[in-house]
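Student: I have a model open and some questions about it. Can we go through them one by one?

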Amino acid sequence: MFASWQVTERPLDCPDDYNLSDSVHPTIINNMCAGSNNTNIAQPEGPAGNDIKLILVAGATGYVGRQLVNALEISHYRVRYLARRPEALRSCVSDMTKVVQGDVLNRDSLYSGLMGIHTAFYLVHSMASGDDFAEVDRRAAQNFATIARESGVKRIIYLGGLGGDEDLSPHLASRHEVGRILRDSGIPTIELRASIIIGSGSLSFEMIRSLVEKLPIMITPRWVQSQAQPIAIEDVIAYLAEAIKVPLEHSKVFEIGGPDRISYKGIMKEYAQQHGLRRLMIPVPVLTPYLSSLWLGLVTPLYVRIGRTLIESIKNPTVVDDCTALDYFAVRPRGIKIAIKQALKKEDITRKI
Ligand SMILES: NC(=O)c1ccc[n+]([C@@H]2O[C@H](COP(=O)([O-])OP(=O)(O)OC[C@H]3O[C@@H](n4cnc5c(N)ncnc54)[C@H](OP(=O)(O)O)[C@@H]3O)[C@@H](O)[C@H]2O)c1
């Protein structure tokens with residue numbers, strides 16, 4: 001059992017000496033512990049009579065999922081995780097926490113995970129599965145929605161992507177479609193929509209970092225001017241945690257983001273500045289998303305598969321147009337400077353461990 005929630009830089013096998021308890025977001029503690037005798041130990045999946053709601057996290061092995069796992073592990077909630085590879089989580093969770101083997105593409109495997117669940121987090125993403133990712137994500141969401149309804153789940157919490165409804169990239173259109181499918185289940189669903197998440201290990205942040213660190217002189221396509229509203233991973237986790245308790249009769253979409261509207265170029269500049277790097281950016285008007293993805297593949301081979309999908313999404317502005325989240329949630333997200341600073345600081349701490 002780990003007493004810290006921040007796994008930003010923590011490998012999946014969660015070494016015993018990892019402890020970053022100073023990074024617990026105060027809002028998480030306040031909201032999770034309100035009205036409970038928090039023992040700092042996740043409660044076991046108890047028999048009926050234990051009136052603490054049972055929560056499921058699907059996608060617990062992913063970037064966001066792993067951060068949420070740690071937040072929930074220090075809460076008073078009873079939690080169950082669903083993963084294709086339960087062994088990847090085993091060492092990150094309390095001995096009493098159940099990790100159920102399940103694949104959202106296989107309906108039968110979902111019954112044991114969803115049975116008895118009050119609130120289900122859906123943090124599943126199939127972008128790495130290839131060109132037909134939208135079809136895969138559609139089937140996955142349909143399966144989850146159907147079995148969740150049959151199992152009597154009372155609330156779904158889903159983290160999707162920001163972006164208006166028109167002329168969306170395939171990736172963002174698919175993220176919105178997944179939200180629609182979950183809402184169509186009839187189960188009250190909270191869909192949180194976010195732009196780029198700032199934190200070590202976040203795919204989009206790692207892509208930006210890779211470009212800035214590898215290229216002293218950068219030919220920048222037009223898309224680097226697109227506006228985003230980045231949000232720190234700590235604030236995303238705080239929103240997700242609070243979503244368990246937000247009063248909700250019907251499904252609701254909340255747009256979430258930090259206070260800064262900034263271009264991707266601006267994010268790269270800020271990262272370079274904080275990392276002490278001098279970078280020259282030369283704009284060119286003709287680099288299409290396709291050419292950009294080839295270029296990205298040369299610079300960062302790690303992202304060649306998903307790079308095109310992500311870059312196509314960057315053409316869409318991902319900013320908060322509807323600030324209703326601020327009325328429903330106590331979270332007040334930090335700005336881009338602090339978000340990057342904290343991401344880098346935590347890496348330094350982790351390197352020293
Ligand atoms: N990262 C960002 O910058 C960002 C920004 C805005 C919104 N979001 C949203 O946040 C959510 C989570 O994103 P992420 O960055 O954490 O994604 P991620 O790291 O790619 O994680 C995806 C998760 O989905 C699981 N998964 C995929 N296919 C599955 C299947 N068939 N059955 C069961 N599990 C499956 C993966 O499990 P395996 O470990 O088995 O592969 C993994 O746990 C997504 O909805 C994404 O749109 C992310």
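Student: Which helices and strands each supply at least two residues of the shell around the ligand?
Tutor: This is a predicted model. In it, 26 residues surround the ligand. The closest are T61, G62, Y63, V64 and I197. The elements that each supply at least two shell residues are helix 2 (63-73), strand 5 (155-161) and helix 7 (203-214).

Student: How do the residues of the shell divide into nonpolar, polar and charged?
Tutor: Gly counts among the polar residues here. With that rule, the shell around the ligand divides into 12 nonpolar, 10 polar and four charged.

Student: What is the strand order of the open sheet?
Tutor: Strands of a sheet pair through backbone hydrogen bonds, either parallel or antiparallel. This open sheet has seven strands, and their pairing is parallel. The order is 3-2-1-4-5-6-11.

Student: Why is one side of strand 3 and of strand 11 left without a neighbour in the sheet?
Tutor: Strand 3 (98-101) and strand 11 (252-256) stand at the edges. One side of each is left without a neighbour because each has a single partner strand.

Student: By how many degrees are neighbouring strands of this sheet turned against each other on average?
Tutor: Direction is ignored for this value. The average turn between neighbouring strands is 20°.

Student: Which residue in strand 5 does Y122 stand opposite?
Tutor: Strand 4 (residues 119-122) and strand 5 run parallel. Four bridges join them. Opposite Y122 stands Y158.

Student: What angle does the direction of helix 2 make with that of strand 1?
Tutor: Helix 2 packs on the sheet. There it touches strand 1 (54-58), strand 2 (78-83), strand 4 and strand 5. With the direction of strand 1 it makes about 155°.

Student: And at what angle does helix 6 run to strand 5?
Tutor: Helix 6 (residues 170-184) lies across strand 4, strand 5, strand 6 (189-194) and strand 11. Its angle to strand 5 is about 170°.

Student: How many residues of helix 8 are buried?
Tutor: A residue is buried if 20 or more other C-beta atoms lie within 10 Å of its own. Residues of helix 8 that pass include I233, E234 and D235. Helix 8 (residues 233-243) is largely enclosed by the rest of the structure, because the count is 11 of the 11.

Student: Which residue with a positive phi follows helix 9?
Tutor: Helix 9 (residues 264-274) has buried residues, among them Y264, I267 and M268. After the helix comes a residue with phi near 70°. That residue is G276.

Student: What percentage of the residues in the chain is buried?
Tutor: The chain has 13 helices and 13 strands. Of its 353 residues, the buried share is 47%.

Technical notes. Residues are numbered from 1 along each chain as its sequence is written. This is a predicted model: local features need pLDDT of at least 70, side-chain atom pairs count only at pLDDT 80 or more; totals for chains, interfaces and linings use all residues. A residue is near a molecule or strand if its C-beta atom, placed from the backbone, lies within 6 Å of it. Two strands pair if DSSP finds at least two bridges between them. Axes are lines fitted to C-alpha atoms, for helices over the stretch in contact, and angles run from 0 to 180 degrees between N-to-C directions. Two residues are in contact if their C-beta atoms, placed from the backbone, lie within 7 Å. A residue is buried if 20 or more other C-beta atoms lie within 10 Å of its own, exposed if 12 or fewer, and partly exposed in between; C-beta atoms are placed from the backbone.
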